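Please look through the points below with the structure open beside you. They take up one helix, then two places among the strands.

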Amino acid sequence: MIQEVARTFDLLTKLEERFPDKQDMLCRRNGKDWIRFSVKDYVRNSHLIAYALASLGYGNGDKAITICSNRPEWNFVDMGLNMAGLVHVPVYPTLSADEYLYIFNHSDARIIFPGTWSQYLKLEPIIAKMDVPARVILMDDSDNLLCISQLYYIGKACEEKMRPVIEKIKAETGTDSLASIIYTSGTTGTPKGVMLSHHNMMFNAYRHALKQTVGPDQKMLSFLPLSHIYERSMNYEYQYIGISIYYAESLGTIARDLADCRADGFCSVPRVLEMMYSKLEAAGKSLKGIKRYIYNMAWNFANNYDYYNRGRLYNWKRNLYDKLVYRRWRENLGGKEMLIISGGSSIQARIIRLFNAAKLHIFEGYGMTETSPVIAVNNPAAGINVIGTVGTPLEGTVLKFAEDGEILTKGPHVMLGYYKNPEGTREVIDSDGFMHTGDIGHLVDGKYLKITDRKKEIFKLSLGKYVAPQVIENMLKESPFIENCIVIGENQKFASAIIVLDFGQLSFWASRNGIKFTDNKDLVSNPDVLAKIHSVVEEVNGKTSPHENIKREKVVCDEWTTANNMLSQTLKLKRAKIMSKYAGLVNEIYK
């Protein structure tokens, strides 16, 4: 039975009560092996950190930053900070120096927890530039810096003295007390510090935990950044339920780590699932003869899979293809049926259908940092998965729509406000307490929320017609030859697109069609390749209104990643950055 808690650290109490002997609550890779931390380890280490920080003079709303990859120690610090009365400010480990300096100063950070020595060396010159330099505490062991293992010793030494202090702080911490500040990933403009209370996060995690089908005897793999509220909220959900959490080594080791720990599921963003989909598609193209024929039959069935079709013949086909093809996909990922929650941006329907046919069940949800984050999600527990929607709103929240279709939400999941930015807070939370999400949508069948686009991303052509770019971009990305794209045309006569190609798929197609090339630059300049991409664009144009048609497309020989600042940390397009990089190309399109 899932039990609701009021504050983040109350999760520790519930874990002790319900799963005192659980040995793999939090786990991380160490080479080929997994290091496992029990519930007792989790509770003990978190309290020792709280005792140590209080003895060092920290508390009373002090801000502490963590910068690391996903690991159990993140949780020890998270709980220790809140128990000692500090505010946790988790930050991505891949920001620029300017972004780090801004957040360090704006958050008034007094402590910074880097994960590794190399991360500290990257941060050291930035910390030196802070208005008030912060204390550094390393998560890894170190002989040169104060580190977490030393906090444990300090905590043990002062435990008798500090235990009543920490218990008093915990008792006086209200559910609406500030627990965390999370800086938005900033697809546009300066990041804002979203202030979330204990109740914001615990209410949200509990409400979507009620829709979970994975139980305390099962495992989930975690690889999206814990510095983002999406993965963090799911992290809390798993702890509500008692699910074991295994942290992947990196995005590049997801398949290996899923197989090694035999996970029962994971959270994802569409881009990761798109890459997995592309690999499965490529695997079929490498086959020959009867094997390729069977694979293609199974592939076509899965791409059009009907979640609600319970007919005997239909299920027989699915079971046949499962024995021949789908179970091999699962074997490469550990062999289990899985529950996958997708969020961050919209996902193509065919990907959901294919994975669901293979018993890798994808349920799409929707939210934002300012709402802790989930606003709506499809419901695995109830077997509700309406493809093309993000499900129903969380119980205990209110959803309505502005006249222009903007989604508004109100409830315990809505943030306290933006840190040091009351004006910005008033811009998004109205006098009635409704959060203005900036997304456009409507209800399907009066129940299921469908997102159609971002309000700020919708642009107007010079003819006065509006274009919703995300819808068109998702249709273009359904082509195996298109890895990513951006639809443009604000204040222009027509819409256009800048396209990043999937060179793996394109190379295979080109070789099969006798097209000679030596590198990717050859491909993007080849007339036959350009004609193929144009045919994809024309196919999409046949599905859109005339004013939404892509009149001109340009392909580029580039990658768009978080590393080159073309994508946000949640893998969304940084439209302003992309437009700046390709300003010359845009001018060429519209000259």
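1. In this predicted model, helix H13, spanning residues 312-331, is bent by about 60° at Asp322. Asp322 is also one of the buried residues of H13. The others are Tyr314, Arg318, Tyr321, Val325, Tyr326, Trp329 and Arg330.

2. What do the buried residues of H13 pack against? Their partners are three helices, H11 (270-285), H12 (289-303) and H14 (349-357), together with strand E13 (360-367).

3. Leu320 also lies in helix H13. Its relative accessible area is 33%, so it counts as partly exposed, the class between 20% and 50%. With Leu313, Trp316 and Leu324, Leu320 makes a nonpolar surface patch of about 410 Å². The spacing fits a general rule: residues three or four places apart in an α-helix point the same way, because there are 3.6 residues a turn.

4. Is strand E5 (residues 109-114) enclosed or open? Five of its six residues are buried, so E5 is largely enclosed by the rest of the structure. E5 pairs with strand E3 (residues 63-67) in the parallel sense, over five bridges. Strand E6 (residues 135-136) also runs parallel to E5, joined by two bridges. Ile111 of E5 takes part in both pairings: Ala64 stands opposite Ile111, and Arg135 is the bridge partner of Ile111 in E6.

5. Asn484 belongs to strand E23 (residues 482-488). With a relative accessible area of 6%, Asn484 is buried, because the cut-off is under 20%. Beyond its neighbours within four places in sequence, Asn484 is in contact with Lys477, Ile498, Ile499, Val500, Trp560, Leu567 and Leu573.

Methods. Residues numbered from 1 in each chain as written. Predicted model: local features only at pLDDT ≥ 70, side-chain atom pairs only at ≥ 80, totals over all residues. Heavy atoms only, no water. Bend = angle between axes of the 7 residues up to and from the residue. Helix = DSSP H or I, 4+ residues; strand = E, 2+ residues; numbered from the N terminus. Buried < 20%, exposed > 50% of the residue type's maximum accessible area, 1.4 Å probe, protein only. Contact = heavy atoms within 4.5 Å. Patch = residues over 30% accessible without salt bridge, like charges linked within 9 Å, V, L, I, M, F, W, Y side chains within 5 Å. Areas by Shrake-Rupley, 256 points an atom, 1.4 Å probe, with all protein chains shown as cover. Salt bridge = Lys/Arg side-chain N within 4 Å of Asp/Glu carboxyl O. Pairing = 2+ DSSP bridges.
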